[in-house]
Structures are given as structure tokens and as C-alpha cells.
Amino acid sequence: GTHLLYSVNLSTAEDVVSGLFLDCCRGRGQICPPTIVSQTRNVLFVCSGNSARSLMAEAILRDMAGGHFAAYSAGTAHRAAPHPLAMEVLMANGHDVTSLRSKSITELQGEGAPLMDFVFTVCDRAANEDCPTWKGQPIASHWGLPDPAKVTGNDAEKRRAFERTYAVMHDRLTAFAALPFDILDRGALQKRVDDICQTHRQEA
């Protein structure tokens with residue numbers, strides 16, 4: 001009986017202390033416990049057009065670990081439609097692309113928008129633009145990749161550019177999904193997601 005009472009009181013105390021830290025220390029990774037506590041973590045990929053790199057990332061993470069992550073993508077100046085070669089490469093790798101569409105970042109802001117746990121910019125243009133203020137203070141990192149749509153040459157060379165983009169993003173997201181989220185504090189988690197980009201780089 002005494003052991004059970006002790007366990008209950010300890011659990012209650014931990015809940016209270018954790019709540020106080022989250023209220024007063026949010027964003028100060030060196031002293032805060034992990035701030036990402038939901039079982040399903042919301043991850044947003046942002047580029048300018050939302051036609052290739054960010055859509056690829058959304059599809060990869062969605063299909064890689066759908067029970068653990070909710071993947072989203074958007075563009076700061078989104079285009080009317082996904083790039084055909086991006087969709088072709090995704091389908092060739094077994095992804096369902098029927099629900100993928102180019103959309104504006106404004107769709108993921110405002111009332112009713114999901115709270116993001118992570119926000120990744122995947123192109124330099126989006127990273128250099130004024131970033132919106134995201135509710136919930138997500139961990140943000142720049143995972144820039146060259147724009148495959150800008151590659152010139154014949155059809156095979158253009159397709160290989162999209163295949164390279166897919167391969168690097170898949171490697172990054174494989175490493176990301178394997179992180180021990182529940183035991184890393186915010187500062188350590190930030191460093192790990194930043195390191196992933198440096199470890200898995202696209203060769204010129």
C-alpha cells in the first residue's frame with residue numbers, strides 16, 4: 001500500500017513539475033524537458049512552390065511512419081499543380097499521390113490549423129523569407145536541396161535529378177523517424193535534426 005501511494009504521489013509530482021516547466025521555460029532547450037509530448041507528431045515541409053521537394057517529403061514521411069507522424073507540406077508562393085516528374089518518381093517508389101496537391105502556407109495558419117512539432121524548409125528561397133510565427137513553437141531546421149525542376153538536359157537527366165532529390169530526402173527522413181524523441185530534450189533534438197541535413201547531403 002505504501003509503495004502504491006508513493007508511486008501515485010511521484011507520478012502526480014512529475015506531472016505538476018513538467019507542466020510548470022512547459023509553461024515558464026518553453027523554447028529554452030538547455031533547461032526544459034522535452035516539449036513534444038503527443039504520440040503523433042505534426043511535421044511540415046515548406047518550399048516556395050510546393051510542387052516537388054516538399055511534396056516528396058510529405059509523401060515519404062506519411063508512408064514511412066504514418067502512425068507516428070502527420071506530414072504536411074506547403075509553399076510560400078505555391079504553384080497551381082505538383083511537378084509531373086515529382087509525382088512520377090513518387091509513384092515509381094510505391095507512393096499514392098492522389099491526395100497530394102500544391103497549396104499555400106496560409107492553409108496551415110490561423111484558427112483550426114494543426115499545431116506543428118517540426119517545420120523544415122527544403123529550399124533556400126523559403127528559408128530566406130520572413131518566417132511566419134508558428135503556434136506551439138515547433139523545432140525548425142533548414143533541410144535545403146537543389147531544385148530538381150531547374151535541371152536542364154534530356155528527359156532522362158531531368159528524371160535523375162528528381163530521383164536524387166527523392167533518395168536524399170528518403171535518407172534524411174529515415175534518420176529523422178529513428179530519433180529517440182521521448183528521451184531527447186529540446187536542445188538535443190534541435191541539434192540532431194540539424195545534423196541530419198549535414199550527414200545526408202545531395203552531391204552536385
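This report describes the overall layout, helix packing, salt bridges and two loop residues of a predicted model.

## Overall layout

The protein chain has 6 helices and 4 strands. Read from the N terminus, these elements follow the order α-β-α-β-α-β-α-β-α-α.

The protein chain holds 204 residues, and 40% of them count as buried. Among the contacts in the protein chain with a separation of 6 or more, 72% are between residues 24 or more positions apart.

## Helix α3 and its buried residues

Helix α3 covers residues 84–92. Its buried residues are L85, A86, M87, V89 and L90. What do the buried residues of α3 pack against? They pack against α2 and α5. The next two sections take these partners in turn.

After α3 comes G94, with a positive phi near 90°.

## Packing of α2 with α3

Helix α2 spans residues 53–64. The axes of α2 and α3 are 10 Å apart and form an angle of about 20°. Angles under 35 degrees count as roughly parallel, and therefore α2 is roughly parallel to α3. The crossing of α2 past α3 is right-handed.

Which residues make the contact? From α2 they are L55, M56 and A59, and from α3 they are A86, M87, V89 and L90. By class, the residues in this contact of α2 with α3 are 7 nonpolar, no polar and no charged. Of the α3 residues named here, A86, M87, V89 and L90 are also buried.

## Packing of α3 with α5

Helix α5 runs over residues 155–177. The axes of α3 and α5 come within 9 Å of each other and cross at roughly 60°. That angle makes α3 oblique to α5. Here too the crossing is right-handed, with α3 passing α5.

On the α3 side, the residues that meet α5 are L85, A86, E88, V89, L90 and A92. On the α5 side, they are K158, R159, F162, E163 and Y166. How do the residues of this contact divide by class? There are 7 nonpolar, no polar and 4 charged residues in the contact of α3 with α5. Two of the residues in this contact, E88 and R159, also appear in the salt bridges below.

## Salt bridges

A search of the whole structure finds 9 salt bridges. Three of the pairs are described here, beginning with E58 and K103.

E58 and K103 form a salt bridge in which the closest N and O atoms are 3.6 Å apart. E58 belongs to helix α2, while K103 sits in the loop between α3 and β3. The pair links distant parts of the chain, with the two positions 45 residues apart in sequence. Are these residues buried or exposed? E58 is buried because its relative accessible area is 11%, and buried means under 20%. K103 is also buried, at 10%.

R159 and E88 meet through their side chains in a salt bridge, at 2.1 Å from N to O. R159 lies in helix α5 and E88 in helix α3, so this salt bridge ties together parts that are 71 residues apart in sequence. R159 is partly exposed, with a relative accessible area of 23%. E88 counts as partly exposed as well, at 37% relative accessibility. Salt bridges with shared partners join E88, R159 and E163 into one network.

R62 pairs with D63 in another salt bridge, where the closest N and O atoms are 2.8 Å apart. R62 is partly exposed at 23% relative accessibility, and D63 is partly exposed at 38%.

## Two loop residues with positive phi

N50 is a residue other than glycine with a positive phi, near 50°. Where is N50 found? N50 is in the loop between β1 and α2. Its relative accessibility is 0%, so N50 counts as buried.

Q137, also a residue other than glycine, has a positive phi near 50°. Q137 is placed in the loop between α4 and β4. With a relative accessible area of 38%, Q137 is partly exposed.

Definitions and conventions. Residues numbered from 1 in each chain as written. Predicted model: local features only at pLDDT ≥ 70, side-chain atom pairs only at ≥ 80, totals over all residues. Heavy atoms only, no water. Axes fitted to C-alpha atoms, helices over the stretch in contact; angles between N-to-C directions. Parallel < 35°, antiparallel > 145°, perpendicular 65-115°, else oblique. Left-handed = near helix turned anticlockwise from the far one by under 90°. Contact = heavy atoms within 4.5 Å. Nonpolar A, V, L, I, M, F, W, Y, C, P; charged D, E, K, R; others polar. Salt bridge = Lys/Arg side-chain N within 4 Å of Asp/Glu carboxyl O. Buried < 20%, exposed > 50% of the residue type's maximum accessible area, 1.4 Å probe, protein only.
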